[in-house]
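Let's take a friendly walk through a protein model, moving from a single helix out to whole chains. Have the structure open beside you as you read.

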Amino acid sequence: MAALLEVKGLKAFYGQTQSLYDVGFEIETGGITTLLGANGAGKTTTLRAICNMVRTEGAIRFEGRDLVGMPTEEIVRLRIAHVPEGRGTFTTLTVDENLRIAAYTRRDKAAVQADLDRVFSYFPRLKERIQQQAGTLSGGEQQMLAIARALMLKPRLMLLDEPSFGLAPLIVVEIFRIMRRINEEEKVSMLLVEQNAALALDLADHAYVLETGRVVMSGPSSIVKNDENVRKSYLGY
Amino acid sequence: MPAFPKTWLWGLLAAAFLIPLLRPLLPDLVSDYRLFLVSTMIIASIAVLGLNLLTGFNGQISLGHSAFYAVGAYTAAILMDKLDMPYYATLPIAAVVCFIVGYLFGLPALKLEGHYLALATFALALSVPQILKYKWLEDLTGGVQGIVLSKPEVPFGLPLTEDQWLYYYCLVIMVLLYWAAANILNSRSGRAMMAIRDQYLAADTMGIDTSLYKTVTFGISAAYTGIAGALSASAIAFVAPDSFNFFLSIKFLIGLVVGGVGSLAGSVVGGIFYVLVDNSAQALSTFVKNDLGLPFDLSAYTVFGILLIVLMYLMPMGVVGGVYYLARSMRTMRGPQAKEQATLKQRVSG
Amino acid sequence: MEQFLQQIASGLANGAIYACVALALVMIYVSTDHINFAQGEMAMFSTYISWQLMSWGLSFWVAFIAAVAFSFMLGVLIERVILRPLHSAPVLSIVVVFIGLLAICNSVAGAIWSYLIKEYPSPFPKSSFGIAGVIGPHQLGVVIVTLIVLGLLFAFFRYTPLGLAMRAAAQNPQMARLVGVRVDWMLALGWGLAAAVGAVAGIMVAHIVYLDPNMMGGILLYAFAGALVGGIGNPGGAVLGGFIVGVLENMVAFAGNQIEKATGVYIIGNGEKLTVALIIVIFVLTVKPAGLFGRVVVKRV
């Protein structure tokens, strides 16, 4: 069975500076995969490369379709949702508007309301703040909003860039729990970039480790978790 | 930009001095009208040079140089009209007045950059004709009617026509101004000016007094364009408020962009160019209206507008810059020149 | 007292025009960070189009709608064809291109329709409209039309999905792409709308200042003053700023006239309005660049 997302020999550049040298991985439908690595290893760049937000060379195939060179908004319309670093909420728009803008590209308008209700069932806190300006939400709520918004795109694949960043541990646990629910109930495959390796390895089924723009290790997370190098470098023991 | 020692510029200069003297041999080619036309080209070059000092070499965008041109022109006109001052004495005074006006405008301009500075200077240019018509200044400025002057008299009984004398007068002034500008730009001050244009923050942290340089450059730039205005008052022997509207700034901009942003020689090319196009357009317009009988009022500004847009795509370095680029790709340039060229290219083409 | 009210009323009518142009300027600024120096000339050109259509027999309002629609398409075309390729060019290049547009619009209008000043009709009936002694029929009509257009725009941006998409694209283009919005087209539409709003202003003011290729120069300056006073990043502020400038300039001229009548000394009058606008522009830019309602953008070092 062909993988949902196939990446081979990926190179990425910020202007003249090369950031990824040779990244390759696969994501099967239905799973959660995590990209680990130190700061500057290229994790965020990889997510950006998938969405053509940086100059790329190499092969990226989603459901068999070649993504390299496609404009970002067209890639998104193929049902890939990217929750970027720093959440990317539209701060002057309300919670409601943030969610509705994601429904903008959808054809099935009737289902939108039903999806909104489902999204609120995952994130009841957002429903309480529905008319509030997104910029006034707390960090955790903004992260929830960002994920909720991604859900409204009805994605097949969700890319999440450091969802735990800057959030209190309790909130992070809650968000990760909801992510697992979404993965199982909505059948959304996920590619998770995380600094917090322990949390990521707990959530994900598969893991890839990046170092200076290359994949240096891969495997099921249970195995990667117990690898000695990984434990020393990323798990602290 | 490398300064004076350019062969083609020396050649041009020699031709400029010698050709009018060939009048007895080529009376039709070197007519009074043609000399007058070339005088206006020289004046235009000085004006564009002024703008280039500020925008091309110091990075401060100005759409308002028509204002400084007007100040120079009116200063000279008022001095000649009210105080009977001789035409040559008006130049230094006009220069000083315009320097002060430019410097004063440069002070608030310190806080502005890019679009905002362009906006402030745009506003200045738009309001100049109205300011010149202000009732309280009418006694000085002659209001809407303007001031009628007389052309410079040929001194010492020299065997020249008025237009020939005017031509040499303008030419000498321009050569002096060009030489002065070249020296400023080649000095430490010049490098500081350009450093402010290219890497403002670096210049600031390196201890260059950026505020001083920016305001003084504004003043010098205004003075140059003001001198051009003062010269034009003598040349045309008339000043009126509506000739100093925003469209004059458009002409300066054309000169800047066509000739070359950040190029002294380019300023000369640019000035010559816009006068040529302006005159040809007038001739064409008259032809279309009178000879062809078509009810279209053609103007140079259509050509100017199209050129401004097209050049931003094709030749952002202007004609002179483009020629240099070609020449450079044909032979290797020595160290500092090449670096400067590369910086210039990066600056204007992003 | 009656004269005073008349001045306020005519100030509001002028202010309505400035508000429209100011809004057009701000719309483009907010979405592209560019200042459209050619806004006035584009509006003037569209007004000539409407005049031409009327001289071919179309009624005022049909010509109005056609000219506004033409203006919309012209705006979209300009953004897609001329500005899009330059989106990462240095500021000087972009300013130069706008000045080029200004020159082309002005000179082509002059070429096609000549520089002779033309009369332009008012669609508002003289007899039944207006409040006698306070506000004339055309002035009242201008204010009403402006408010309708502004209201429609507001509703569009607030309540429609497309309006929402355009707001998102203006605020955070990259994130907007990440939710599938075609940001490039949103910018083009924004330009089209701005051009259309400008056209409305041009058509409304033509009856007051008479139709000639240079009619919008001064108005553009007032509009800039209004946009800056309101805060150049704030559309609502720009509208308010436009009205403020309109009333203010009339009040200044009125005060000057009264002083001259009382003391015989002329300080300021109708002829100095542009100077007042210039002072406002310089003042706001240097002292309070955020205007009344805008936010100061902190430059990241």
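In helix α7 of chain B, a good number of residues are tucked away: Asp163(B), Gln164(B), Leu166(B), Tyr167(B), Tyr169(B), Cys170(B), Met174(B), Tyr178(B) and Ala181(B) are buried. Keep in mind that this is a predicted model. What lies over these buried residues? The cover includes α2 (32–56), α10 (210–236) and α12 (264–291) of chain B.

You can also check the length of α7(B) yourself. The helix runs over residues 162–186, which makes 25 residues, and at 1.5 Å a residue it should span 36 Å. Its end C-alpha atoms are 36 Å apart, so the expected span and the model agree.

**The nonpolar core**

Here is a general idea to carry along: in soluble globular proteins, nonpolar side chains tend to be buried together. In this model, the largest nonpolar core has 290 residues, and those with the most contacts inside it are Leu308(B), Val21(C), Leu25(C) and Val281(C). The helix that gives the most to this core is α8 of chain C (residues 183–209), with 18 residues.

Leu308(B) is a nice residue to click on. Setting aside its neighbours within four places in sequence, Leu308(B) is in contact with Leu253(B), Ile254(B) and Val257(B), and also with Val96(C), Val97(C), Ile99(C), Gly100(C) and Ala103(C).

**A look at chain C**

Chain C is built from 11 helices and 0 strands. Its radius of gyration is 19 Å, close to the 19 Å that the globule rule gives for 301 residues, so chain C is as compact as a globular protein of that length. A few more values for this chain are collected here.

| Property of chain C | Value |
|---|---|
| Box filled by the C-alpha atoms, along the principal axes | roughly 65 × 50 × 40 Å |
| Share of the 301 residues that count as buried | 56% |
| Share of contacts between residues at least 6 apart in sequence that join residues at least 24 apart | 73% |

**How the chains meet**

Which chains share the most contacts? Among the 2 pairs of chains that touch, the most contacts are between chains B and C. No contact joins chain A and chain B, and their closest C-alpha atoms lie 13 Å apart.

Chain A does meet chain C: this contact takes 19 residues from chain A and 15 residues from chain C. On the chain C side, α6 (161–171) and α7 (173–178) each supply at least two residues, and α6(C) gives the most, with 6 residues. Sorted by class, that side of chain C has 9 nonpolar, 3 polar and 3 charged residues.

How values were computed: Residues numbered from 1 in each chain as written. Chains lettered and ligands numbered in written order. Predicted model: local features only at pLDDT ≥ 70, side-chain atom pairs only at ≥ 80, totals over all residues. Contact = placed C-beta atoms within 7 Å. Helix = DSSP H or I, 4+ residues; strand = E, 2+ residues; numbered from the N terminus. Expected span 1.5 Å × (residues − 1). Buried ≥ 20, exposed ≤ 12 C-beta atoms within 10 Å, placed from the backbone. Core = buried A, V, L, I, M, F, W, Y, C linked by C-beta atoms within 7 Å. Rg over C-alpha atoms; globule rule 2.2 N^0.38 Å. Nonpolar A, V, L, I, M, F, W, Y, C, P; charged D, E, K, R; others polar.
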